Amino acid sequence: MEQPNTTANTTDQRLTDLEIKASFTEDLLDQLDKVIVRQQQQIDALIHEIAELKQQPVRDGDVVVGRSLRDELPPHF
């Protein structure tokens with residue numbers, strides 16, 4: 001049978017271990033949150049860049065070709 005003092009020490013050690021694990025878990029969660037925020041900012045920037053690229057005229061060599069549905073009509077029209 002364990003003595004009461006040994007049981008208290010074991011309980012204190014287990015509590016300390018759990019507190020350490022909780023602290024590391026909180027730190028990891030904060031780091032992951034920052035990663036998610038940074039990735040979302042990158043996604044938003046890329047979406048904005050794609051939208052801008054879609055609005056720019058197409059370059060064919062040195063000639064700027066405007067995008068128009070009329071330009072895409074078959075030649076017999």
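Here is a short conversation about reading this predicted model.

Visitor: Hello! Which elements does the protein chain have, and in what order do they run?

Guide: Welcome! The protein chain has one helix and two strands. Starting at the N terminus, the order is α-β-β.

Visitor: Where is confidence highest and where is it lowest?

Guide: A general idea helps here: where pLDDT is low, the predicted coordinates should not be read in detail. In this chain, H1 has the highest confidence, at 95, while strand E2 (residues 63-65) has the lowest, at a mean of 58. The average for the protein chain is a pLDDT of 85, and 70% of the residues score at least 70.

Visitor: What share of the residues is buried?

Guide: Of the 77 residues in the protein chain, 0% are buried. The accessible surface is about 7700 Å², and carbon and sulfur atoms account for 57% of that.

Visitor: Which residues gather in a patch of negative charge?

Guide: Look on the surface for Glu26, Asp27, Asp30 and Asp33, which form that patch. One of them, Glu26, sits in helix H1 (residues 4-55).

Visitor: Why is Glu26 called exposed?

Guide: Exposed means over 50% relative accessible area. Glu26 counts as exposed because its relative accessible area is 54%.

Definitions and conventions:
Residues are numbered from 1 along each chain as its sequence is written. This is a predicted model: local features need pLDDT of at least 70, side-chain atom pairs count only at pLDDT 80 or more; totals for chains, interfaces and linings use all residues. Side-chain values use heavy atoms; hydrogens and water are left out. Helices (H or I, at least four residues) and strands (E, at least two) are DSSP runs, numbered from the N terminus. Buried means under 20% relative accessible area, exposed over 50%, partly exposed in between (1.4 Å probe, protein chains only). Accessible areas come from the Shrake-Rupley method with a 1.4 Å probe; for residues, only the protein chains shown count as cover. Patches are made of residues with over 30% relative accessible area and no salt bridge: like charges are joined within 9 Å, nonpolar side chains (Val, Leu, Ile, Met, Phe, Trp, Tyr) within 5 Å. A salt bridge is a side-chain nitrogen of Lys or Arg within 4 Å of a carboxyl oxygen of Asp or Glu. Lys and Arg count as positive and Asp and Glu as negative; His and the chain ends are not counted. The place of a charge is taken as NZ of Lys, CZ of Arg, CG of Asp or CD of Glu. pLDDT is the predictor's confidence in each residue, from 0 to 100.
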